[in-house]
Amino acid sequence: MDRDEVDRALARLGAEHEAVETSLLALQDHAGRRLLEGAGLTGVTKDRWASTEQAISLLWGYFDAYSAALNDPRERRARRRWPSREDLVELTDRLRGRSVTVAGSATHPAPSITGPAKLSEQFTLEELVSRMNELYAGSLDMVVTADSVWSALPARIDLLSAELQRTRSLAHSVGVRPGEHPAGDELEAITHELSTLRAQVISDPLAFWRPAVGSSAPGGGRPDTDRYDRAARALEDIRREIEAVLQVRQDSEERLLRLRDVLSRADRTLTEARSARGEVLAKIAASEVPAVSGPPTVLQERLATAAEYRRHSQWHRLSPLLESLEREAEDELLRARESLGAVTAPLAVRAELRGRLDAYRAKVARHGMAEDPLLIERYDAARRMLWSAPCDLRVAEQAVLRYQQAAREVLVPRQAGPSGPEDRRGDS
């Protein structure tokens with residue numbers, strides 16, 4: 001190396017020395033490293049930190065050797081402005097040759113870091129910088145990873161735990177407690193999970209890290225939040241359930257009143273159907289009349305139970321009971337209306353036949369044929385059947401049909417006029 005090459009090498013190695021020193025000091029002051037030193041570590045983090053601590057010790061040992069090895073050529077170069085050939089040969093050997101000897105006993109490196117233990121190792125200055133960079137990258141990755149997990153998960157767990165406590169207070173206020181309601185048991189399970197998760201994150205943060213695929217940068221990846229996310233989703237589901245129960249507490253009285261009204265209407269409808277059935281059986285003959293069920297006593301009993309739950313503020317039990325009662329009460333009212341319709345169907349048929357008979361009689365009267373003897377005879381026969389009790393609907397319907405037929409036979413020639421070919425009554 002000539003003089004200029006020596007000066008450039010010294011400048012470059014000096015800059016690298018400053019960069020390494022700055023990095024080591026930053027690593028020494030890193031918050032994650034200080035936390036690791038004082039933490040009760042377990043699992044993979046404990047093993048990794050043991051190796052990292054040895055790597056950091058080895059780094060300082062290498063750095064001290066590097067500093068000493070760099071000071072000697074600096075001093076030699078500073079002695080003369082124009083170094084001799086012997087000086088340049090010596091400087092070249094120090095700057096490019098394996099001039100740095102690091103004693104293995106000085107740093108006690110772990111075999112996992114540097115391979116089998118050696119009494120000493122020799123490096124060029126550039127090789128030593130490369131070795132320090134490797135050890136620094138691995139140590140920084142471990143420290144940054146642990147610090148990232150500690151910065152992300154415990155704070156989020158604490159926030160979720162605070163939300164959990166608020167939800168538990170609300171749950172207790174509406175009677176949702178462990179052993180009495182599934183949501184109470186789930187809250188206890190989430191509480192235990194968050195407590196366990198936080199302790200594991202604090203003691204073994206590296207177990208909750210997902211490295212980024214293909215990334216070689218220190219701390220490349222993200223915290224593994226799967227367990228936290230599952231607990232958060234479970235708590236959100238329970239919170240919605242508790243809010244629904246709270247809503248029940250607010251509108252339970254109105255819903256109970258509506259339920260009583262629906263069941264009362266169903267009861268009145270069934271009473272009307274039973275009364276109508278007796279009327280049908282008395283007034284209509286030869287007709288199948290379906291039986292009418294009794295009042296919804298089971299629903300009334302459950303409604304009384306719901307009122308009891310409300311009096312004792314057992315909202316978690318009242319909520320599902322009200323939902324099922326509302327569905328079943330509407331179904332009961334619908335069945336009562338269908339039963340009334342089925343029972344009164346014969347009366348509706350009789351009313352339809354009466355209306356049809358009177359309509360044809362009015363039509364005949366408009367055409368001046370009301371005094372026709374055949375029509376009078378058939379009308380009276382049909383009317384006696386429809387207005388007598390019990391009424392045989394099948395026979396009465398036949399009588400109405402006979403009257404309709406006679407009315408059509410009388411009205412057709414009448415409507416055709418005097419000149420019509422079928423107006424025999426006009427000819428006579």
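A residue is called buried when its relative accessible area is under 20%. By that criterion, buried residues account for 38% of the 428 residues in the chain of this predicted model. The fold is built from 15 helices and 6 strands. Among contacts between residues at least 6 apart in sequence, 75% join residues at least 24 apart. On the outside, the chain exposes about 23700 Å², and carbon and sulfur atoms supply 50% of that area.

Turning to the interior, the largest nonpolar core holds 102 residues. Within this core, the residues that touch the most other members are L36, Y62, Y66, M132, V201 and L375. Helix α7, which spans residues 125-173, provides the largest share of the core, with 18 residues. A good place to start looking is L36. Leaving aside residues up to four places away in sequence, L36 touches L41, T45, W49, M142, V143, A146 and W150.

A second buried site can be found in helix α11 (residues 315-343), where S339 is placed. The relative accessibility of S339 is 15%, and because the limit for a buried residue is under 20%, S339 counts as buried. What does S339 touch, not counting residues up to four places away in sequence? The partners are A273, A291 and V292.

Aromatic rings come next, and the structure holds 2 aromatic pairs. One of them is formed by W60 and F63, with an edge-to-face arrangement in which the centres are 6.0 Å apart and the planes stand at 90 degrees. In general, a pair of aromatic rings is described by the distance of the centres and the angle of the planes. Both W60 and F63 belong to helix α3 (residues 43-79), where they are 3 residues apart, about one turn of the helix. Is each partner buried, or partly exposed? W60 has a relative accessible area of 24%, so this residue is partly exposed, since partly exposed covers the range between the under 20% and over 50% limits. F63, at 6%, falls under the 20% limit and is therefore buried.

Another aromatic residue, W387, has charged company. The charged end of R354 sits over the ring of W387, at 4.4 Å from its centre. R383 also lies over the face of W387, with a distance of 4.5 Å to the ring centre. The ring of W387 can thus be viewed together with both arginines, R354 and R383.

Note on methods. Residues are numbered from 1 along each chain as its sequence is written. This is a predicted model: local features need pLDDT of at least 70, side-chain atom pairs count only at pLDDT 80 or more; totals for chains, interfaces and linings use all residues. Side-chain values use heavy atoms; hydrogens and water are left out. A nonpolar core is a set of buried Ala, Val, Leu, Ile, Met, Phe, Trp, Tyr and Cys residues joined through side-chain atoms within 4.5 Å. Buried means under 20% relative accessible area, exposed over 50%, partly exposed in between (1.4 Å probe, protein chains only). Helices (H or I, at least four residues) and strands (E, at least two) are DSSP runs, numbered from the N terminus. Contact means heavy atoms within 4.5 Å. Rings of Phe, Tyr and Trp (its six-membered ring) pair if their centres lie within 6.5 Å; planes under 30 degrees apart count as stacked, over 60 as edge-to-face and the rest as tilted. A charge sits over a ring if NZ of Lys or CZ of Arg is within 6 Å of the ring centre and within 35 degrees of the ring normal. Accessible areas come from the Shrake-Rupley method with a 1.4 Å probe; for residues, only the protein chains shown count as cover.
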